[in-house]
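Reader: I would like a close look at one part of this model, the charged side chains that pair up. Please take me through them slowly, and then show me a charged side chain that does not pair.

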Amino acid sequence: MADKFKFALAVLLLVAGVAGFYLLADQAMILRVLAVLAGAGLAAAAAWKTEQGRRFFDFSKEATNEAKKVVWPSRKETMQTTGLVFAFVVVMALFLWLTDKSLEWLLYDVVLGWRKV
């Protein structure tokens, strides 16, 4: 029950931050943005105290650690792969153009005879 109360408090703090943005419409933009950031920060702090919040933050840490393990391709590998993709696109474009023109000739000239002038 305490977790539900903390989570509801977090949602209310977030809503209060957003409401502060609109209530401070006549103030400088920096104050309005600070109101939203303060509400979001307090909401995150309150949510962190719940069981779901701790699980979410643990999951976020694990996801960050896994993202750091990713091996990105080198510049050379990236250029080679990009070149291969472009070459394949050109070959496919030529193939489809030739197929289209062949079917056009077959259908209009040979079968229907529409282009005989």
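**Salt bridges, and an arginine without one**

Author: Lys101 and Glu104 sit three residues apart in helix H4 (residues 75–111), which means that about one helical turn separates them. An α-helix has 3.6 residues a turn, so residues three or four places apart point the same way. In this predicted model, Lys101 and Glu104 form a salt bridge, with their closest N and O atoms 3.2 Å apart. The two partners are not equally covered. Lys101 is partly exposed, at 38% relative accessibility. Glu104, at 17%, is buried, because buried means a relative accessible area under 20%.

The count of salt bridges comes to three. Another joins the side chains of Glu51 and Arg54, at 3.5 Å from N to O. Both residues belong to helix H3 (residues 51–68), and they too are three residues apart, about one turn of the helix. Glu51 has a relative accessibility of 36% and counts as partly exposed. Arg54 is also partly exposed, with a relative accessible area of 37%.

The remaining pair is Lys69 and Glu66, whose side chains meet at 3.2 Å, N to O. Lys69 is exposed, with a relative accessible area of 58%. Glu66 counts as partly exposed, at 48% relative accessibility.

Now the unpaired case. Arg32 is found in helix H2 (residues 29–48). Arg32 is buried but has no salt bridge. The nearest side chain of opposite charge is that of Asp26, 7.5 Å away; a salt bridge needs the nitrogen and oxygen within 4 Å. Leaving aside neighbours within four places in sequence, Arg32 is in contact with Phe21, Leu24, Ala25 and Gln27.

One of those contacts, Phe21, leads to helix H1, where the buried residues are Ala10, Gly17, Gly20 and Phe21. These cover an arc of only 110 degrees around the axis, so they lie on the same side of H1. Helix H2 is included in what covers them. The face of H1 turned away from the buried side carries exposed residues, namely Lys4, Phe5, Leu12, Tyr22 and Leu23. The length of H1 (residues 2–23) can be checked as well: at 1.5 Å a residue, its 22 residues should span 32 Å, and the end C-alpha atoms are 30 Å apart, which agrees.

Last, the overall layout. The chain is divided into domain 1 (1–69) and domain 2 (73–116). Their centres, taken over C-alpha atoms, are 52 Å apart.

Key: Residues are numbered from 1 along each chain as its sequence is written. This is a predicted model: local features need pLDDT of at least 70, side-chain atom pairs count only at pLDDT 80 or more; totals for chains, interfaces and linings use all residues. Side-chain values use heavy atoms; hydrogens and water are left out. Helices (H or I, at least four residues) and strands (E, at least two) are DSSP runs, numbered from the N terminus. Buried means under 20% relative accessible area, exposed over 50%, partly exposed in between (1.4 Å probe, protein chains only). Lys and Arg count as positive and Asp and Glu as negative; His and the chain ends are not counted. Contact means heavy atoms within 4.5 Å. Domain bounds come from an automatic or database domain assignment. The expected span of a helix is 1.5 Å times one less than its number of residues. The arc is that of the directions from the helix axis to the C-beta atoms.
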